[in-house]
Amino acid sequence: MKKILNALCTATCGGAVALSLSVSTAQAQDWPTDDVRLVVPYAPGGTTDVLSRRVADLLQEELDTNVVVENRPGAGSTVATGRLARGGRDIDHTILMASPGHTIGAAI
C-alpha cells in the first residue's frame with residue numbers, strides 16, 4: 001500500500017509541476033512587449049550600478065529584448081522607488097534594482 005501511495009504522490013506532483021511549467025511558459029511568451037527598464041536608485045559608477053548593468057545584460061539575452069538601465073539617484077533612493085510606486089503607462093516593463101537599504105528603510 002505504501003508503494004502505491006508513493007507512486008501516486010510522485011505522479012501527482014510530477015503532473016502538477018509539468019502543468020505549472022507549461023502554463024508559466026505560455027504566460028511568459030506574452031511579456032515583454034516593449035523595452036524593459038531596470039531602474040537603479042543610485043548614481044552611475046557605483047557597485048549597484050555595475051551589478052545592475054551585468055543583470056541587464058543577462059536579462060537582455062534571456063528575454064531577447066532591450067533592457068535599459070535607468071539611474072535615478074536622490075533622497076536616499078526614494079526617488080526611484082517613488083517612481084515605481086506611482087506607476088505609469090510603462091510600469092509593467094519596469095524592474096527596480098533594490099538593495100538592503102530598501103527593507104531597512106521600511107522598518108524605520
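Student: What phi, of which sign, does glycine 87 take just after H3?
Tutor: This is a predicted model, where local features need pLDDT of at least 70 and side-chain atom pairs count only at pLDDT 80 or more, while totals for chains, interfaces and linings use all residues. Residues are numbered from 1 along each chain as its sequence is written, and side-chain values use heavy atoms, with hydrogens and water left out. H3 is a helix, a DSSP run of H or I with at least four residues; strands are E runs of at least two, and both are numbered from the N terminus. Just after H3, the phi of glycine 87 is positive, at about 80°.

Student: Which residue has a positive phi although it is not a glycine?
Tutor: Look in the loop between H2 and E2. The phi there is about 55°. At 71% relative accessibility the residue counts as exposed (over 50%; buried is under 20%, partly exposed in between, with a 1.4 Å probe and protein chains only). The residue is aspartate 64.

Student: What is the strand order of the open sheet?
Tutor: The sheet has 3 strands with parallel pairing; two strands pair if DSSP finds at least two bridges between them. E2 (67-71) and E3 (94-96) each have a single partner strand, so one side of each is left without a neighbour in the sheet. The order is E2-E1-E3.

Student: How many bridges join E1 to E2?
Tutor: E1 covers residues 36-40 and runs parallel to E2. Valine 36 stands opposite valine 67 in E2. The number of bridges is 5.

Student: At what angle does H2 run to E2?
Tutor: Axes are lines fitted to C-alpha atoms, for helices over the stretch in contact, and angles run from 0 to 180 degrees between N-to-C directions. H2 (residues 47-63) lies across E1, E2 and E3. Its angle to E2 is about 160°.

Student: Is aspartate 49 buried or exposed?
Tutor: Aspartate 49 lies in H2. Contact means heavy atoms within 4.5 Å. Leaving out residues up to four places away in sequence, aspartate 49 touches Val40, Ala43, Pro44, Val69 and Asn71. At 4% relative accessibility, aspartate 49 counts as buried.

Student: Which strands do the buried residues of H3 pack against?
Tutor: In H3 (residues 78-86), the buried residues are Ala80, Gly82, Arg83 and Leu84. The helix runs at about 140° to E3. Its buried residues pack against E1, E2 and E3.
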